[in-house]
Amino acid sequence: MVRRDLWSFMVWLERNANRIGFACVPILAIGTIMALWWSPPDVHMGQDLRLMYIHVPTIWVAYLALTVTLGASLMLLWKRELRWDDLAVASAEIGVLLTTLAIVVGAIWGKLTWGVYWTWDPRLTTTAVLVIIFAGYLLLRALTEDSWVRARQSAVIAIIGFVDIPVVHFSVLWWRSLHQAPTFLRPNLGDPTMDDRMELTLIVNLVGFTLLYGFLLGRRLRLARLQRELETVKWDDIVPETSALEPVHAR
Amino acid sequence: MMAQLMAIVRKDLLLEWRGKANLNALTVLALMIVLTMSFALGSDPTRLRLTAPAVVWVAIVFAAVLAFVRAYQMESENRCFEGMLLAGADPRAIYLAKLAVAALTMLVLEVVVIPTILLLDGIALGPRIWGLLPIAVLGTAGLSAVGSLYGRLTMAVRAREVMLPLLVLPVVVPIVLAAARASDLLFHGPAGQLGTWVGLLVVADVVLVTAGLLTYESIAED
């Protein structure tokens, strides 16, 4: 049941990708205007806080995208249908792109608020490890020709990577906290004292980025499907040719 | 499954014993990494002593990655891996056997490399040296759990010598971190938090071996 629902959702997403894309343009435009002008500056961070409206949505969509890759990888190993590999790679590419973007924006924000681009904070380090794991995932895909082998290989890497992430997080957490007092100064998203205008701006941008993810995913799914179809078309083209090359007496 | 496991372990150990090329080359490589790191760090004895646990684990990890490449290189020659599967070997038995042989090879290497660095940097451990044993065993087991899985995965890949470290290193971050920290605490104290790191090694090993056992079958036949 779940499989069929997910499957039809993928089909729907692919068909309606452009509509989702058109929908996200005004939302992101409004979100940008709200983020830059309408929402108030922060008491402590001033104008720097505005980076939050891009940092938080990108990292949220990145985690969502990589979780979708995990789900698709599990489905692939379970059901052995190549369509799940399309979903896994489509989402992984978007995930890697957005995680990198989130880390870059986070580094700039970090420089402004903490005074350094990078700290070995558990959340930062875990995210960096995550992006390296999935960069390796994409690299290995580029080196493997056979689509079945590639699908299963990548599924295993995605699953192992995901299973490993909590262990990475705890190891880095202890690595930091056992040596010095935990000083995780971080602007808190769930801060109850957050201004209503800030909260609304963040929500609008979150919705906009999620729709952007839907658009990109739908387009990438279509591309993956077409690529696979192209492979089979090539094969079909070869078949009549080889039969034409059969010895004359066989005709 | 147990009989199959033992048979494959015996086969690999015999090959290693007859050839010895693998272990010798890897040990020399690990020693070279230790030496190169010492040159790069400078001759300040205090600094060398403080960085010793890090250097030793860097050497072990890089040698281990090569060991995993080699473990499957010999299986891909003459399509030996396919032969094992055709002979009816359980993929999980192959995985555990590869894990065990890689870990054993690495432990022999560590028996040479770890005392060498202790001697070079003038670290006197006394009876505490036995504390290194569980750290080395657990750390090596975790590295081998990942390496034996990913080694199979990259066996047929063109640039496997590059791809394997790229895939293995980020996944073994917690193992390297915990093993190096535990060794650090053992070398330089305080030993109070040692248990936490050994515990983390145990958890990481259990997680990675279980995940490897569950997923190995789906890539074994490629």
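Biologist: Which residue follows helix 4 of chain A, and what is the sign of its phi?

Modeller: Gly115(A) follows helix 4 of chain A, and its phi is positive, near 90°. Helices here are DSSP runs of H or I with at least four residues, numbered from the N terminus. This is a predicted model, in which local features need pLDDT of at least 70, side-chain atom pairs count only at pLDDT 80 or more, and totals for chains, interfaces and linings use all residues. Residues are numbered from 1 along each chain as its sequence is written, chains are lettered from A and ligands numbered from 1 in the order in which they are written, and side-chain values use heavy atoms, with hydrogens and water left out.

Biologist: How do you know that the span of helix 4 of chain A agrees with its number of residues?

Modeller: The expected span of a helix is 1.5 Å times one less than its number of residues. For the 31 residues of helix 4 of chain A that gives 45 Å, and the end C-alpha atoms are 44 Å apart, so the two agree.

Biologist: Why is helix 4 of chain A called largely enclosed?

Modeller: Buried means under 20% relative accessible area, exposed means over 50%, and partly exposed is in between (1.4 Å probe, protein chains only). In helix 4 of chain A, 22 of the 31 residues are buried, so the helix is largely enclosed by the rest of the structure.

Biologist: What makes Asp85(A) and Arg141(A) a salt bridge?

Modeller: A salt bridge is a side-chain nitrogen of Lys or Arg within 4 Å of a carboxyl oxygen of Asp or Glu. The closest N and O atoms of Asp85(A) and Arg141(A) are 2.9 Å apart, and the pair forms a salt bridge. Asp85(A) lies in helix 4 (residues 83-113) and Arg141(A) in helix 5 of chain A, so the pair ties together parts 56 residues apart in sequence. Both Asp85(A) and Arg141(A) are buried.

Biologist: Which residue forms a salt bridge with Glu93(A)?

Modeller: Arg220(A) does, with the closest N and O atoms 2.7 Å apart. Glu93(A) is in helix 4 of chain A and Arg220(A) in helix 7 (residues 196-244), so this pair ties together parts 127 residues apart in sequence.

Biologist: Why is Glu93(A) called partly exposed?

Modeller: Its relative accessibility is 32%, so Glu93(A) counts as partly exposed. Arg220(A) has 15%, so Arg220(A) counts as buried.

Biologist: How do you know that helix 5 of chain A has the expected span?

Modeller: Its 22 residues (122-143) should span 32 Å, and the end C-alpha atoms are 32 Å apart, so the values agree. At the start of this helix, a side-chain oxygen of Asp121(A) reaches to within 2.8 Å of the backbone nitrogen of Arg123(A).

Biologist: Why is Arg50(A) called buried?

Modeller: Arg50(A) has a relative accessible area of 15%, so it is buried. Its place is in the loop between helix 2 (17-38) and helix 3 (52-79) of chain A.

Biologist: Which backbone oxygen does the side chain of Arg50(A) reach at 2.8 Å?

Modeller: That of Ser39(A). The backbone oxygen of Ala35(A) also lies 2.8 Å from a polar atom of the Arg50(A) side chain. A polar contact is a pair of N or O atoms within 3.5 Å; within protein, one must be able to donate a hydrogen and the other to accept it, and residues adjacent in sequence count only if both atoms are side-chain atoms.

Biologist: How many residues of chain B are in contact with chain A?

Modeller: 29 residues of chain B are in contact with 30 residues of chain A. Contact means heavy atoms within 4.5 Å. The buried area is about 2700 Å², with 77% from carbon and sulfur atoms. Buried area is the accessible area (1.4 Å probe) that two parts lose on being put together, summed over both.

Biologist: Which side chains meet in a salt bridge at 3.5 Å?

Modeller: Those of Arg158(B) and Glu145(A). The rule finds one salt bridge across this interface.

Biologist: Why is Ser171(A) called buried?

Modeller: Its relative accessible area is 0%, so Ser171(A) is buried. Ser171(A) is in helix 6 (residues 147-177) of chain A. Across the chains, Ser171(A) touches Pro174(B), Leu177(B), Trp197(B) and Leu200(B).

Notes:
Helices (H or I, at least four residues) and strands (E, at least two) are DSSP runs, numbered from the N terminus. Lists of a residue's contacts leave out its neighbours within four places in sequence.
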